[in-house]
Amino acid sequence: MPDEQTPLLAVVRVAQRRPRYQHSTVRRFCTIVLSGALVVALICLLLPAAFLPVADGPKSSYLPWANPFPHQAWPGGDGMTYEELQTILLQTPNEVEARKSSEYYTAGPHLAGKNLSQALWTKEKWEDYGVTSSIVAYDVYLNYPLDHRLALLEGVDLATNRHKIRYECSLEEDVLDQDPTTGLSDRIPTFHGYSASGNVTAPYVYVNFGTYKDFEDLLAANVSLAGNIAIAKYGRVFRGLKVKRAQELGMVGMVMYTDPQEDGEMTVASGYKAYPEGPARNPSSVQRGSTQYNSVLAGDPTTPGIPSKPGSPRVDPHKAIPSIPSLPISYRDALPLLKALNGYGPNASHFNKYWQGGGLTHEGVDYNIGPSPDSLVLNLMNAQEYTTTPIWNVIGVINGSIPDEAIILGNHRDAWIAGGAGDPNSGSAAFNEVIRAFSVAMQAGWKPLRTLVFASWDGEEYGLLGSTEWVEEYLPWLSAGSVAYLNVDVGSVGPKLNAAASPLLNKVILEAAGLVPSPNQTVQGQTLLDTWDKRIKTMGSGSDFTAFQDFAGIPSLDLGFKEAPNSPVYHYHSNYDSFYWMDKFGDNQWHCHITIAKLWAQIAMQLCETPVLSLNTTDYALALSRYLEGVKEKAKKSTIGEDSAFSFKFLDHATSELQAAATRFDTYTANLILRLSKPVPWWQWWKTVKLLYEVRKANTKYKLLERQFLYPGGLDHRPWFKHVVFAPGRWTGYSGATYPGLAESLEDGNVTNAVRWGEIIVERLEGAKSLLEK
Ligand SMILES: *[C@@H]1O[C@H](CO)[C@@H](O)[C@H](O)[C@H]1NC(C)=O
Ligand SMILES: *[C@@H]1O[C@H](CO)[C@@H](O)[C@H](O)[C@H]1NC(C)=O
Ligand SMILES: *[C@@H]1O[C@H](CO)[C@@H](O)[C@H](O)[C@H]1NC(C)=O
Ligand SMILES: *[C@@H]1O[C@H](CO)[C@@H](O)[C@H](O)[C@H]1NC(C)=O
Ligand SMILES: *[C@@H]1O[C@H](CO)[C@@H](O)[C@H](O)[C@H]1NC(C)=O
Ligand SMILES: *[C@@H]1O[C@H](CO)[C@@H](O)[C@H](O)[C@H]1NC(C)=O
Ligand SMILES: *[C@@H]1O[C@H](CO)[C@@H](O)[C@H](O)[C@H]1NC(C)=O
Ligand SMILES: *[C@@H]1O[C@H](CO)[C@@H](O)[C@H](O)[C@H]1NC(C)=O
């Protein structure tokens with residue numbers, strides 16, 4: 001939204017550019033906003049027609065404060081009730097249109113920074129829908145593949161470099177007649193984002209999933225790691241953190257493959273046919289992906305914390321990306337390498353439970369750990385071109401009547417492959433339907449109460465580049481003026497609704513799910529809420545909400561339909577995540593695509609339109625006390641133990657104080673809503689003004705609550721992460737850690753640091769409480 005701020009916000013943005021995380025920033029803004037509140041209230045009173053989109057007073061449950069002006073409709077529109085808007089948003093998203101969008105995005109390669117025409121197409125589409133849109137570019141550091149090789153060599157004579165080739169990995173996915181995307185001449189090779197170039201020849205070791213714990217088990221078993229190449233299975237933790245740990249332990253390279261054990265029953269070994277004949281994993285499929293250290297930093301690794309513009313100062317990226325080469329391979333290519341370890345080193349089956357269950361035993365793999373015998377070595381060659389190059393976000397804006405309570409919706413557009421029908425373009429197809437639905441509503445005369453911002457991000461796959469750089473650039477505007485960020489990445493690759501959110505948003509997700517028809521109509525008329533387990537996870541990382549939630553303190557959510565245990569295998573980051581797969585296996589009726597669109601639109605609408613923001617602080621406070629109990633459990637198990645110098649007393653106290661304040665605040669706002677629903681005679685206009693002032697003040701508190709949990713100094717060893725409650729686990733990456741600073745200090749047995757984090761957290765809890773009570 002570069003040049004589209006209101007004058008007020010533009011002033012705030014300039015004034016607040018630097019330094020960033022000072023309390024004065026928020027305070028100064030509040031002063032401006034609160035003193036502006038009366039002006040806003042008066043404007044509401046004087047310009048109701050432009051503001052209050054209501055037709056016949058009592059009929060509307062929409063903006064009850066419009067009741068003093070019962071006969072006003074908006075200029076140029078017939079007016080619309082809340083229910084009418086809901087209906088438009090539920091009825092507009094359409095399978096045929098979603099399928100068309102998907103077909104477009106998946107027709108050709110769209111790696112980060114490589115497909116400007118998709119950005120332009122998206123912008124034009126949104127503008128056709130009547131949404132003013134622009135392209136916002138950043139200059140980011142990233143890599144494109146040049147060459148690679150992985151071969152099992154036998155009898156290498158170091159003096160002469162003579163050897164036999166036991167097996168040459170193809171490093172290619174099969175071209176399938178049925179699936180045109182797999183045979184494109186410009187298809188993208190198999191490679192890792194941010195992997196290091198290198199050419200290493202060394203013995204190799206099987207490291208299970210390559211988790212921190214797996215490596216600890218290997219060290220405990222005296223398996224030699226330094227100087228060796230690791231073969232790791234995908235899964236359990238983010239791939240970049242596997243490489244990080246291997247590198248720390250002196251390993252010289254890493255190879256990753258997806259073991260069919262990830263597919264449960266849906267395997268060739270259990271009698272299912274492989275894609276494209278059936279739903280099982282195609283043996284040649286390869287998971288590409290980024291090896292950035294996503295728990296350390298998000299965004300361009302050369303510009304931590306600042307936007308990547310031409311001329312931005314840059315740092316050495318290697319705190320956040322590997323220095324050893326890595327390659328992704330298929331399980332078909334992994335088989336000869338794993339079999340060659342049979343009989344060498346300990347057997348994985350003699351390790352703990354995390355090492356059990358490998359899915360290639362029927363192919364003759366014994367899952368020995370190695371190292372490989374003296375006669376055998378791996379040659380791993382990875383050649384990457386590193387460059388600083390533009391990427392293109394598309395940003396669309398529908399101005400609302402209240403400009404500084406913005407709701408932001410986002411999805412990324414870039415993919416590792418030409419396809420990407422699941423990741424991310426099932427989300428992109430749904431997104432276009434959401435925007436089309438809002439456009440239909442606008443044509444029918446609707447004008448949003450709050451501003452809606454739509455973002456189609458580029459560069460997510462490498463490290464959340466487009467979204468992070470944008471948040472870093474517009475941080476002052478976002479801190480002052482945004483209510484929530486609603487993310488959909490993979491919109492639909494299976495039948496199971498998956499949600500993660502800041503607890504402030506739990507309520508609105510559940511309410512919206514209760515309005516949207518379930519794609520499962522086994523029982524006619526059942527809603528999404530009826531067919532959903534209603535589990536809402538905590539925010540980790542792995543998608544574009546990260547900068548919003550963890551860096552800027554903006555309550556965020558992430559939604560999508562994922563695989564259920566017996567659904568067709570989703571070929572994540574592979575050529576087989578294609579339009580053909582989606583149309584035949586993934587979502588062959590396209591129902592889940594439009595269901596996610598409807599859910600997304602309903603949530604956005606509710607946040608956008610209810611006079612009192614649909615956030616719930618009690619849910620947040622309750623969640624905080626659950627997280628604290630979680631940390632206590634961990635402390636009991638850690639080296640610190642129960643009888644250490646660390647006491648949870650202050651944290652307990654501050655948590656229950658906040659909980660009481662939150663309950664009082666939500667009760668107060670519930671009462672505000674009630675008061676709003678009662679007509680006020682027009683001659684008592686000052687009552688309306690007072691009410692609007694109270695609403696404005698309460699909304700500002702809702703808006704700023706999440707911001708109270710930011711700590712400017714950031715987490716230990718990863719200062720970009722500012723949120724004291726949520727962060728990606730330092731060794732998991734995807735899944736969320738709660739109270740990371742405290743939990744990690746306890747894990748490390750550092751009582752001094754635990755006390756320090758206890759104080760930091762208590763300060764934040766007290767800040768949140770006093771915000772609610774001001
Ligand atoms: C939104 O409002 C701002 C300030 O009034 C204005 O500068 C901008 O052009 C508007 N944007 C759109 C998309 O209407
Ligand atoms: C960009 O995407 C379009 C649509 O998917 C595709 O047709 C085109 O080949 C891609 N362009 C490049 C340069 O890869
Ligand atoms: C990689 O190393 C191998 C073995 O040392 C060597 O034979 C080969 O030429 C190297 N490849 C490249 C591209 O440098
Ligand atoms: C590993 O080596 C250490 C020291 O040499 C020895 O005490 C320990 O028993 C060994 N552990 C295993 C599992 O072999
Ligand atoms: C090693 O594990 C595999 C797979 O669990 C098993 O088939 C094999 O018998 C084991 N070998 C030994 C020597 O324990
Ligand atoms: C569909 O809904 C029915 C009834 O609620 C339920 O029993 C069934 O498990 C659901 N199917 C799926 C695939 O979720
Ligand atoms: C907020 O959440 C609490 C706890 O879930 C609930 O009791 C309360 O009714 C909610 N308030 C609103 C306005 O939804
Ligand atoms: C414990 O944390 C403190 C900071 O609170 C740090 O100065 C100290 O070095 C840490 N101790 C260890 C053993 O890491």
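This is a guided tour of the structure above, with a suggestion at each stop of what to select and what is there.

Before you start, keep in mind that this is a predicted model, in which local features need pLDDT of at least 70, side-chain atom pairs count only at pLDDT 80 or more, and totals for chains, interfaces and linings use all residues. Residues are numbered from 1 along each chain as its sequence is written, chains are lettered from A and ligands numbered from 1 in the order in which they are written, and side-chain values use heavy atoms, with hydrogens and water left out.

**The open sheet**

Begin with strands E5, E6, E7 and E9, since these 4 strands form an open sheet in the order E5-E6-E7-E9, with parallel pairing. Strands (E, at least two residues) and helices (H or I, at least four residues) are DSSP runs numbered from the N terminus, and two strands pair if DSSP finds at least two bridges between them. Which strands stand at the edges? They are E5 (204-206) and E9 (326-329), and each has a single partner strand, so one side of each is left without a neighbour in the sheet. From one strand to the next, the twist averages 20°; for angles, axes are lines fitted to C-alpha atoms, for helices over the stretch in contact, and the values run from 0 to 180 degrees between N-to-C directions.

Now select E5 together with strand E6 (residues 229-233), which pair in the parallel sense over 3 bridges. If you label Val205, you can look for its bridge partner in E6, which is Ala230.

Next, add the helices that meet this sheet, where contact means heavy atoms within 4.5 Å. Helix H8 (residues 239-248) lies across E6, strand E7 (253-257) and E9, and runs at about 150° to E7. Helix H9 (residues 331-339) also packs on the sheet, where it touches E5, E6, E7 and E9, and its direction makes about 110° with that of E9.

**Backbone details in the loops**

Stay with E5 and select Asn208, which is found in the loop between E5 and helix H7 (212-220). Its phi is near 60°, a positive value in a residue other than glycine.

Then move to Pro276, in the loop between E7 and strand E8 (289-290), where a cis peptide bond with omega of about 10° joins Tyr275 and Pro276. For another cis peptide bond, select Asp423 and Pro424, where omega is near 5°; Pro424 has its place in the loop between strand E11 (402-412) and helix H10 (425-443).

**Ligand 2**

Select ligand 2 and display the residues near it, meaning those with a heavy atom within 4 Å. Around ligand 2 you will find Tyr104, Tyr105, Ala107, Gly108, Pro109, Lys114, Asn115, Ser117 and Gln118. Helix H5 (95-105) and helix H6 (116-128) each supply at least two residues of this shell. By class, the shell has 4 nonpolar, 4 polar and 1 charged residues, where Ala, Val, Leu, Ile, Met, Phe, Trp, Tyr, Cys and Pro count as nonpolar, Asp, Glu, Lys and Arg as charged, and the others, Gly among them, as polar.

With the distance tool you can follow three atom pairs. A polar side-chain atom of Asn115 lies 2.4 Å from an oxygen atom of ligand 2, a backbone N or O atom of Tyr104 lies 2.7 Å from a ligand oxygen, and for a backbone N or O atom of Gly108 the distance to a ligand oxygen is 3.2 Å. The protein covers 63% of the 360 Å² of accessible area that ligand 2 has on its own, with areas taken from the Shrake-Rupley method with a 1.4 Å probe.

**Ligand 5**

Which residues surround ligand 5? They are Asn347, Ser349, His350, Thr361 and Asp366, a shell with no nonpolar, 4 polar and 1 charged residues. A polar side-chain atom of Asn347 lies 2.6 Å from a nitrogen atom of ligand 5, while a backbone N or O atom of Asp366 lies 3.1 Å from one of the ligand's oxygen atoms. Of the 360 Å² of accessible area that ligand 5 has on its own, the protein covers 46%.

**Ligand 3**

Finally, select ligand 3, which has Asn161, Asn199 and Thr201 around it. A polar side-chain atom of Asn199 lies 2.3 Å from an oxygen atom of ligand 3, and for a polar side-chain atom of Asn161 the distance to a ligand oxygen is 3.4 Å. Taken alone, ligand 3 exposes 360 Å², and the protein buries 42% of that.

Notes
Polar contact = N/O pair within 3.5 Å; in protein donor to acceptor, adjacent residues only side chain to side chain.
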